[in-house]
Amino acid sequence: MTAVAGHASLRPRLRIDAAIIGPGLALAAMIIVYSILSPHFLTISNFTNVLVQCSPLLILAAGQTFPILMGGLDLSQGSIVSLVSVVTAGVMLDHGLGLGAIAGIGSGILVGAANGVLIGRFRIQPFIVTLGMLYMIAGAAMVYSGGSSVFGLPEPDVDRFFWFGGGFLGPIPVPLIIAAILIAVSHLVLTRTPIGRSVYAVGGNEQVALMSGIDVGRTKIFIYMMSGAFASIAGFVLSGRVISGQPILGAGDLLLQSIGAVIIGGTSIFGGRGGVLRSALGVFVVAFMVNGLNLLAISTFIQEIIVGAIIILSVWLNSLHRSGSTKRLA
Amino acid sequence: MTDIDAPRAGAGPRAGDEILRVRGLRKTFPGVVALDAVDFDVRAGEVHALLGANGAGKSTLIKVVAGLYSPVGGEIALSGHPVKFTGAADAMAAGVSVIYQDFALIPYLSVAENIFLGNEILGPLGLVDWTATHREARRLLDLVGCAFPTETMVWELGTGQRQLVEVAKALRREARVLVLDEPTASLSQGESARLFDLIRALKHKQVGMIYVSHRLDEIAGLVDRVTVLRDGKSMGTFPAVEIDRRKIVSLITGHDTLPTRLRQSASHDEKPLLLTKQLSRKGEFEDISIDLRRGEIVVITGLIGSGRTELLETLFRARRPDSGEIFLDGRRYDSASVRSAIRDGIVLIPEDRRGHGLCVILPMYENIAMATMRRFLGALGLSRRSEIQHADTMIRALHIKPADATAEAGTLSGGNQQKVVLAKWLSTDASVFLFDEPTQGVDVGAKNEIHDIVRNLAARRKAILIASSDLEEVLGIADRVLAMRQGRIVGEFSGAAIQASGLVEAITHGSVS
C-alpha cells in the first residue's frame with residue numbers, strides 16, 4: 001500500500017518514464033566514452049554521417065512499433081523494402097519518378113493492408129501471416145525484377161531520386177528530415193488520435209478493447225498498413241541512396257535491426273507499453289554504438305555480439321522494472 | 001471399487017481420527033479480512049461440507065489449506081503435526097489435494113500424462129516409463145469409473161469426464177485430505193451420481209474430504225458434518241443429522257427471520273425498455289423471456305453455471321442467440337456487434353474485471369475514456385488534459401482511490417478497479433446497464449458505494465439488470481428478482497415476495513414455494 005501512495009504522490013509532470021532511463025543512460029555514457037577515446041567521434045561530420053546512415057532504420061523502427069505495441073510484430077518489413085525498390089525503379093524507367101514513387105510505395109502499403117486483413121479479419125497469428133508474407137514478397141520482388149538489379153534510371157529523375165536518399169536541404173540531410181517527420185507523425189497518431197489509443201488498448205487487453213466498443217479488426221488493419229507504409233518509405237529512401245532497384249535490398253538484417261531497436265527502446269514485446277520515441281532512442285543506441293566501435297577499429301563480428309547482448313540486457317532490465325511494479329499488486 | 005490404496009501414513013488412520021486441524025486461521029487482503037479466527041477440522045473417512053455465500057471466505061480457506069495462500073495468523077496441523085506450507089507442491093506432498101472448479105488439466109496432453117504431470121513414473125535411465133505410466137493411469141481411471149483410453153487427449157473430454165480425471169489425479173497423489181470445490185457445478189445428473197459413488201468409496205478408505213457447495217439438496221445423505229462461513233467467520237460446525245435446511249439457510253444469509261427489504265421500490269415506466277422473447281442459446285440458457293423498464297432494478301440470481309453471464313453477454317451482443325428475439329424500446333434489436341450495442345445505449349459491466357473490464361497496464365484516465373474517446377478530441381487530437389479532467393471528475397464522484405488519474409489501473413484494489421470500469425460506462429449516455437456480479441471480490445465499503453451508484457442510476461431513469469449470486473445484494477437492491485437455474489428462469493419475485501428462503505429454494509431446487 002505504501003508503494004501505491006508513493007506512486008500517487010508523484011506529480012504527473014515530473015514523472016519520467018522508467019523504461020527510457022536504461023537506453024537513455026546507455027546512449028549518454030556511450031557518447032561520453034567515445035568522445036574521450038576517439039577524436040573523430042564528436043564532430044559534426046561524424047554525427048551527420050551516423051544520422052543519415054540510420055535514417056532508414058528510424059523509419060522502419062517507427063513502423064515496427066505499431067505491431068509490437070499491439071503485441072504482434074511485422075516480419076515482412078524487409079521484403080517490403082525489396083519490393084518497393086524494384087517496383088519504384090522499374091516503373092520509373094518508363095514513367096518517371098512520380099509514378100514510380102506512387103507505384104512503389106503503393107505496392108508496399110498494399111502488402112501491409114493484406115497483412116492487416118489476414119490478421120484483423122481472418123484472425124490468423126501475426127507471426128504466421130508476416131512470416132508467410134516475408135517469403136511471398138521477397139519472391140515477388142525477384143519475379144518482378146527477373147532476379148537482377150534495375151539500373152539505368154532516366155535523367156533527370158535519377159538525380160531527384162538520389163536527393164531523397166542522399167541529398168541535403170540546407171545543412172540537413174533529406175533522409176533525416178523524412179525520418180523526423182515520420183516519427184513526429186506516428187508519435188502524434190499514437191498519442192493524439194482515437195485509433196492510436198486503440199492500438200494501446202488492443203495491446204493492453206484485446207478482450208477489454210472489444211468489450212469497450214473498439215473495432216479491433218479495423219485497428220489491426222490500420223496497424224499493419226502503417227508498418228507497411230513506413231517500410232515502403234524506408235525502401236524508397238534506401239533505393240534513392242543506391243539510385244537503383246535492388247531485389248534483395250531488404251533481405252539483410254534490416255528487419256531484425258528494426259525489431260531489435262524497438263525492443264532496446266523499451267517497448268514491451270507483449271504490447272500495450274511503449275512508443276515511437278522510444279524506438280528512435282533504440283535506433284540511436286545501436287547506431288552510435290556501431291559507429292563508435294568502428295572508429296575504435298573493433299571488428300564487425302564483435303559488434304554483432306555486443307548488439308545481441310544489448311537486446312537481451314534491455315529486455316531483462318525492463319522486466320526487472322516491471323516485476324517491481326506488479327509486486328505492488330500482491 | 002475395492003482396491004483404492006490405503007493412505008500411506010503408517011498403519012493408516014482409523015475412522016474418526018482427526019487428519020486436518022485448523023485453528024484461529026486469519027487471512028487478510030488489502031482492505032478486506034477474508035478469514036477471521038476460523039476453526040475447522042476434517043476427520044478420516046468423513047465428508048465435511050463447507051458452506052457459505054459468495055465472498056464468505058470458502059475459497060480463501062481452501063487456498064490456505066492447499067498452500068496457495070499463507071495465513072496471517074493461526075495454525076494448521078496434519079495428523080497432529082503442525083505444518084506450514086510454502087506452496088501448492090508442499091501441500092500436495094503432505095497429502096492435501098484440491099480439485100478446483102476450473103480444472104487444472106493441460107488440454108493438449110493425454111489423460112495419462114496429466115495424471116502424472118510433475119510426478120512422472122521414471123525408468124532406470126531417468127526417462128519416463130510409459131508402460132508403467134499407462135498401466136497405473138488405467139488402474140486409476142478404472143477406479144473412478146472411466147472407460148476411455150489413457151491416451152485420450154484431455155481436450156476431447158467433456159467437463160464431467162475431466163472432473164473424474166481430476167479425481168484420479170488426486171488419488172495418484174495418495175491424498176489424505178481431498179478438497180472438492182463445487183464439484184457438481186458443471187456435471188450432469190448421471191455424472192454427479194457417479195462422483196457421489198466415488199466419494200462414498202473414498203470414505204471407506206478413510207480419506208477426509210472437504211466438500212464445498214451451494215447446492216443444499218445434494219449434500220443431504222452425503223456429508224457427515226457441516227461448517228458454515230459468513231463474512232470470513234465460522235458460524236459453527238454441526239453434525240449433518242442435527243441441522244436442517246432452514247437452519248443452514250439462516251446461517252448462510254445471517255437472517256434468523258425473514259429479512260426486511262432495504263429498498264423501497266421506485267416508480268417506473270409501464271412500457272418495457274428492453275424485452276426478450278424466448279431467447280435461447282444451446283447449452284447455456286433456454287426460453288428466456290424477460291422485460292426491463294426504465295428506473296427499475298431487476299436482479300437475476302442463480303448458481304455458478306446457471307447461465308446468467310451468458311445471458312447478459314447475449315444482451316450485450318458479445319454472443320448471438322440461437323433463437324428468440326430482443327426488443328429495445330419497442331423496436332426489434334439485432335445489432336451485430338458489441339459496438340452497435342453500445343451505440344444503442346446498452347452497456348455491460350463484466351464479471352471478469354481484469355480480463356474484460358479494464359486494461360490493467362494502462363492508466364486510469366485512458367481506461368475511463370476508452371468507450372468515449374471521440375468526446376476528448378480537440379483541434380490537436382486527443383486531449384490528455386481533458387481526459388484527465390474528466391477522470392478527475394469521475395474519481396471525485398465515485399471516491400476512487402488513489403485519486404491519481406495517471407495511476408496504472410492494475411495497481412488499484414478490486415473495489416476501485418470496479419469503480420473505474422463503472423466510470424467508463426457512466427461516461428456514456430447508455431440507457432440500459434447490465435451488471436455481472438458487480439461487487440464480487442470487493443470490500444464492504446466499496447460494495448455499499450457501488451450499490452448507491454446503481455440506485456442513483458435507477459433514479460436517473462436508467463434500466464438496470466444485475467446478475468448476482470450474493471443473496472445480501474439481491475435482497476438489498478432489487479425491485480424484482482428472477483431466479484435462474486440451469487439456464488431457465490424458474491421464479492420471479494417482486495416487492496414483499498423477495499425473501500431469502502424463497503430465493504434459495506428456487507435457485508437450488510427450481511421450485512417456487
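## A covered strand, two helices and an interface

Let us start in chain B of this predicted model, where strand β8 (residues 208-212) is mostly covered, with five of its five residues buried. B:Gly208, B:Ile210 and B:Val212 point one way from β8(B), while B:Met209 and B:Tyr211 point the other way, and all are buried.

β8(B) has pairing partners too. Strand β3 (residues 47-51) of chain B is joined to β8(B) by four bridges, and the two run parallel. Within this pairing, B:Leu50 has B:Val212 as its bridge partner. Strand β7 (residues 177-181) of chain B is also parallel to β8(B), through five bridges; here B:Leu180 stands opposite B:Tyr211.

Stepping back, the domain assignment divides chain B into domain 1 (18-95 + 211-254), domain 2 (263-345 + 431-513) and domain 3 (355-428). Taken over C-alpha atoms, the centres of domain 1 and domain 2 of chain B are separated by 31 Å.

**Two helices, one from each chain**

The table sets out the helices discussed next.

| Helix | Residues | Number of residues | End-to-end C-alpha distance | Expected span |
|---|---|---|---|---|
| α15(B) | 444-459 | 16 residues | 23 Å | 22 Å |
| α5(A) | 126-145 | 20 residues | 28 Å | 28 Å |

How does α15(B) place its buried residues? They are B:Ala446, B:Lys447, B:Ile450, B:Val454, B:Leu457 and B:Ala458. Seen down the axis of α15(B), these fall within an arc of 130 degrees, so they line one face of the helix. A general rule helps here: an α-helix has 3.6 residues a turn, so residues three or four places apart point the same way. The face of α15(B) turned away from the buried side carries the exposed residues B:Gly445, B:Asp452, B:Asn456 and B:Ala459. Cover for the buried residues of α15(B) comes from elements including β14 (297-301), α14 (414-426), β20 (432-436), β21 (463-467) and α16 (471-477) of chain B. Just after the helix, B:Arg461 takes a positive phi of about 70 degrees.

Over in chain A, the buried residues of α5(A) are A:Pro126, A:Val129, A:Thr130, A:Met133, A:Leu134, A:Ile137, A:Ala138, A:Ala141 and A:Ser145. They cover an arc of only 155 degrees around the axis, which puts them on the same side of α5(A). Turned away from that buried side is a face carrying the exposed residues A:Ile128, A:Tyr135 and A:Val143. What covers the buried residues of α5(A) includes α3 (44-69) and α4 (77-120) of chain A. Just after α5(A), A:Gly146 takes a positive phi of about 65 degrees.

Why is A:Thr130 classed as buried? It has 28 other C-beta atoms within 10 Å, and the class requires 20 or more. Leaving out residues up to four places away in sequence, A:Thr130 touches A:Leu73, A:Asp74, A:Leu75, A:Ser76 and A:Asn115. A:Gly72 is 58 residues from A:Thr130 in sequence, yet their C-alpha atoms are 9.8 Å apart in space.

**Where the chains meet**

Finally, to the interface: 29 residues of chain B are in contact with 25 residues of chain A. On the side of chain B that touches chain A, α10 (338-343), α11 (353-357) and β19 (381-382) of chain B each supply at least two residues. By class, that side of chain B has 17 nonpolar, seven polar and five charged residues.

Terms used
Residues numbered from 1 in each chain as written. Chains lettered and ligands numbered in written order. Predicted model: local features only at pLDDT ≥ 70, side-chain atom pairs only at ≥ 80, totals over all residues. Contact = placed C-beta atoms within 7 Å. Nonpolar A, V, L, I, M, F, W, Y, C, P; charged D, E, K, R; others polar. Domains from an automatic or database assignment. Buried ≥ 20, exposed ≤ 12 C-beta atoms within 10 Å, placed from the backbone. Pairing = 2+ DSSP bridges. Expected span 1.5 Å × (residues − 1). Arc of directions from axis to C-beta.
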